[in-house]
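Student: Before we go through this model, could you show me the sequence and structure, so that I can ask what lies behind the words used to describe it?

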Amino acid sequence: DGYSVVFVGRPNAGKSSLVNALLGTGRMIVSHEPGTTRDTVEEVVDLGGVAFVLTDTAGLRRTTSAAEREAISRTREKAAGADILVGVFDRSVALSDEDRQLLEELARRPSLVAVNKCDLPAHWSAPELKWPGAAAAIVETSARTGAGCDRLAACLVELVAGETAVQRETPAISRVRHRVALENATDRLRAAIELMHVHGDRAPELVAVELRAAITELAGITEPLDNEEVLDKIFSQFCIGK
Ligand SMILES: Nc1nc2c(ncn2[C@@H]2O[C@H](COP(=O)(O)OP(=O)(O)OP(=O)(O)O)[C@@H](O)[C@H]2O)c(=O)[nH]1
Ligand SMILES: [Mg+2]
């Protein structure tokens, strides 16, 4: 149902705030206390016509709290299954060992780096990340002002645009519009089959109406098709209506 994008990073880096910025909502709970998010939360969003499932997660850190440890293990589980990871780093505080560890992990996966809180005075700059991945994968953001959030969305879309960038087991029907069109076309084809079961070959015009509708749906996905031409072809082969 869309590419899964999992936001990971240290507590307080701004993961929930960034997810909210991309969703355009206040869905995720945000607070100044590190360890605010205790459960993974998923939301579907359409970015530039592509469906993504954004997952907000509990911040990664060493902790003595059993509940937080459980939350962190869920974060790791989610991250392992993600199509794309977005590592969120707080530029207004010093980089930590956890940050560097996360960077190494990100480099092995399809991922983006969000250098967040860029509205605040900087403690370090992007080159200090020594990011081993592609340079284009670093985006400076401010979840507070919204700066860079459009670019983060555009980078996500770009990452999935090349099918080779992200490996999936099943072909992804990522454009929401395409998925709806395919579902509609499927419904119409089912209706056509049902009509043939009920009426045999006595009501070809009813079947044709459903087929025409299915073609119109599919034509919306590819370049505009000449329906008459397609119908002529189909009818010449199946002798419907003759
Ligand atoms: N100035 C500034 N503050 C931000 C920005 N992004 C987040 N914050 C603030 O940083 C604090 C933490 O934000 P959260 O989004 O809750 O951080 P988180 O990474 O989800 O934290 P955990 O859920 O604890 O892991 C909140 O007080 C936010 O308002 C930003 O870009 N600029
Ligand atoms: Mg959070």
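**Metal site, strands and contacts**

Tutor: The magnesium ion (ligand 2) has as its protein donors Ser-16 (OG) and Thr-37 (OG1), which lie 1.9 to 2.1 Å from it. Ser-16 belongs to helix α1 (residues 15-23) and Thr-37 to the loop between α1 and β2 (41-47), so the pair ties together parts that are 21 residues apart in sequence. This is a predicted model, in which local features need pLDDT of at least 70 and side-chain atom pairs count only at pLDDT 80 or more, while totals for chains, interfaces and linings use all residues. Residues are numbered from 1 along each chain as its sequence is written, chains are lettered from A and ligands numbered from 1 in the order in which they are written, and side-chain values use heavy atoms, with hydrogens and water left out.

Student: What makes Ser-16 and Thr-37 donors of the magnesium ion?

Tutor: Donors are N, O and S atoms within 2.8 Å of the metal (3.2 Å for Na, K and Ca), and because water is not among the atoms, sites may look incomplete. The two atoms, Ser-16 OG and Thr-37 OG1, lie 1.9 to 2.1 Å from the ion, so they meet that definition. Ser-16 and Thr-37 are also both buried, a word that stands for under 20% relative accessible area, with exposed meaning over 50% and partly exposed in between (1.4 Å probe, protein chains only).

Student: Why is strand β3 described as largely enclosed?

Tutor: Strands (E, at least two residues) and helices (H or I, at least four) are DSSP runs, numbered from the N terminus. In β3 (residues 50-56), 7 of the 7 residues are buried, so the strand is largely enclosed by the rest of the structure. Val-50, Phe-52, Leu-54 and Asp-56 point one way from β3, whereas Ala-51, Val-53 and Thr-55 point the other way. In a regular strand the side chains alternate between the two faces of the sheet.

Student: How do you know that β3 is paired with β1 and with β2?

Tutor: Two strands pair if DSSP finds at least two bridges between them. Strand β1 (residues 3-9) is joined to β3 by 4 bridges, in parallel, and β2 pairs with β3 over 7 bridges in the antiparallel sense, so both cases satisfy the definition. Val-6 stands opposite Thr-55 in β3, while Asp-46 has Ala-51 of β3 as its bridge partner. β2 and β3 form a hairpin with 2 residues between them, and Gly-48 in the turn has a positive phi of about 55°.

Student: Why is Ser-92 called buried, and what makes its link to Asp-90 a polar contact?

Tutor: Ser-92, in the loop between β4 (84-90) and α3 (97-107), has a relative accessibility of 18%, so it counts as buried. A polar contact is a pair of N or O atoms within 3.5 Å; within protein, one must be able to donate a hydrogen and the other to accept it, and residues adjacent in sequence count only if both atoms are side-chain atoms. The side chains of Ser-92 and Asp-90 make such a contact at 2.7 Å.

Student: Why is Ala-192 called buried, and which residues is it in contact with?

Tutor: Ala-192, in helix α5 (residues 176-199), has a relative accessible area of 3%, so the term buried applies. Leaving aside neighbours within four places in sequence, Ala-192 is in contact (heavy atoms within 4.5 Å) with Val-207, Glu-210 and Leu-211.
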